[in-house]
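The following exercises train the reading of a protein structure step by step. Please attempt each task before turning to its solution.

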Amino acid sequence: MRRVTGYILIGIIAVGVIWLGWIFFGKINEEQKDPLDAVPQSAAVIIKLNDPLRTWNNLSNSNLMWDGLRTASPFDVIHSTGKKADSLIKADKKLAMLLTGSPLVISVHFQGSGNTGLIFTIAGDQSEEEMVELISGVVSASTPPVSRGFKDDKIWECLFGKNKFYLSVKNGFISLASSPGLSEEVVTHIDEGITFKELKGFTSVNNTAEPKADAAVYIHHATFNSLLQSFFLPKYKELFQQAHPYALFSEFDLHIFSGSF
């Protein structure tokens with residue numbers, strides 16, 4: 001009888017360990033999701049903010065260099081969007097929790113002569129319905145988001161301050177793109193499942209990123225060249241093209257101080 005009782009106890013403990021392990025490791029897998037994996041490979045510049053709320057406060061409140069940079073596109077869009085988000089975060093705990101302790105990735109994309117597009121990406125387990133409800137109640141209360149179908153997914157147009165953004169929620173990633181075309185690119189990219197980590201040269205520079213830095217800045221030279229050339233006069237474009245290709249990726253650790261980066 002004692003032996004049978006022992007077997008029963010061992011069985012209960014084993015089931016408990018398996019159950020706790022499933023819950024624990026399931027959460028670990030969710031936490032390990034990297035927003036970089038949702039960024040399309042067309043990105044020319046990728047900025048990964050390890051603590052977006054703290055970094056934004058350092059930038060917006062005391063950084064003299066940022067005051068100069070934000071007069072130019074796309075920094076002006078990032079600043080105006082961040083300023084609007086900051087006021088909303090202070091007013092809504094759900095939005096604050098979404099950006100607390102989770103990296104935020106901002107990617108810059110070449111979109112024709114002199115034009116750039118932006119994508120803001122985070123990883124989160126919020127459903128599409130939860131995000132639309134949050135945006136409707138906090139971000140676009142006067143102008144509710146409007147959806148349209150793309151493949152088997154939906155893309156939501158929403159007003160964020162003075163700027164229109166396009167929301168997509170897919171496979172644990174939440175993205176806000178500055179154009180509908182970029183939002184479609186995000187959806188297609190996630191469907192294909194090919195990430196930056198699979199591109200030659202990215203892993204080696206990614207391994208050099210300092211975890212405690214305010215941000216990691218990645219330059220994807222194959223597309224960064226096109227972005228730069230779009231701002232050059234024709235006589236300089238040929239000279240620049242002769243120097244290409246000169247690298248695959250570069251990575252910079254960004255530390256923010258009151259008067260400098």
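**Exercise 1.** Leaving aside its neighbours within four places in sequence, with which residues is Asp214 in contact?

*Solution.* Two remarks on the source come first. The model is a predicted one, in which local features need pLDDT of at least 70 and side-chain atom pairs count only at pLDDT 80 or more, whereas totals for chains, interfaces and linings use all residues. Residues are numbered from 1 along each chain as its sequence is written, and side-chain values use heavy atoms, with hydrogens and water left out.

Step 1. Recall the term: a contact means heavy atoms within 4.5 Å.

Step 2. Locate the residue. Asp214 lies in the loop between α8 (202-206) and β8 (215-220). Helices (H or I, at least four residues) and strands (E, at least two) are DSSP runs, numbered from the N terminus.

Step 3. List the partners. Apart from neighbours within four places in sequence, Asp214 contacts Lys48, Leu49, Asn50, Arg54, Thr55, Leu254, His255 and Ile256.

Step 4. Classify the residue. Buried means under 20% relative accessible area, exposed over 50%, and partly exposed in between (1.4 Å probe, protein chains only). Asp214 is buried, because its relative accessibility is 7%.

**Exercise 2.** Describe the protein as a whole.

*Solution.*

Step 1. Count the elements: the protein has 10 helices and nine strands.

Step 2. Consider burial: 40% of the 261 residues count as buried.

Step 3. Consider the surface. Accessible areas come from the Shrake-Rupley method with a 1.4 Å probe; for residues, only the protein chains shown count as cover. The accessible surface of the protein comes to about 15000 Å², and 60% of this belongs to carbon and sulfur atoms.

Step 4. Consider the contacts. Among those with a separation of 6 or more, 68% are between residues 24 or more positions apart.

**Exercise 3.** Which residues are linked with Asp34 in a network of salt bridges?

*Solution.*

Step 1. Start from the principle: side chains of opposite charge can pair when their charged atoms come close. A salt bridge is a side-chain nitrogen of Lys or Arg within 4 Å of a carboxyl oxygen of Asp or Glu. By this rule the count is seven salt bridges.

Step 2. Take the pair of Asp34 and Lys48, whose closest N and O atoms are 3.2 Å apart in their salt bridge. Asp34 lies in the loop between α1 (2-31) and β1 (43-49) and Lys48 in strand β1, so this pair ties together parts that are 14 residues apart in sequence. Both Asp34 and Lys48 are buried.

Step 3. Turn to Lys197, which forms a salt bridge with Asp34, the closest N and O atoms being 3.2 Å apart. Lys197 lies in the loop between α7 (180-192) and α8, and Asp34 in the loop between α1 and β1, so the pair ties together parts that are 163 residues apart in sequence. Lys197 is partly exposed, with a relative accessible area of 31%, whereas Asp34 is buried at 11%.

Step 4. Add Asp37, which forms a salt bridge with Lys197 at 3.3 Å between the closest N and O atoms. Asp37 also lies in the loop between α1 and β1, so its pair with Lys197 in the loop between α7 and α8 ties together parts that are 160 residues apart in sequence. Asp37 counts as partly exposed because its relative accessibility is 23%.

Step 5. Combine the pairs: Asp34, Asp37, Lys48 and Lys197 are linked in a network of salt bridges.

**Exercise 4.** Is Lys151 buried or exposed?

*Solution.*

Step 1. Locate Lys151 in the loop between β4 (146-150) and β5 (153-160).

Step 2. Apply the cut-offs: Lys151 counts as exposed because its relative accessibility is 52%.

Step 3. Inspect the backbone. Lys151 has a positive phi of about 55° although it is not a glycine.

Step 4. Set Asn171 beside it. Asn171 is found in the loop between β6 (163-170) and β7 (173-177), and has a positive phi of about 50° although it is not a glycine. Asn171 is partly exposed, with a relative accessible area of 49%.

**Exercise 5.** Which residues does Ser178 touch, not counting residues up to four places away in sequence?

*Solution.*

Step 1. Locate Ser178 in the loop between β7 and α7.

Step 2. List its partners: Ser178 touches Gly117, Leu118, Lys164, Phe165 and Tyr166, with residues up to four places away in sequence not counted.

Step 3. Compare sequence with space. Ser178 and Asn163 are 15 residues apart in sequence, and their C-alpha atoms are 8.0 Å apart.

Step 4. Classify the residue: Ser178 is partly exposed, its relative accessible area being 27%.
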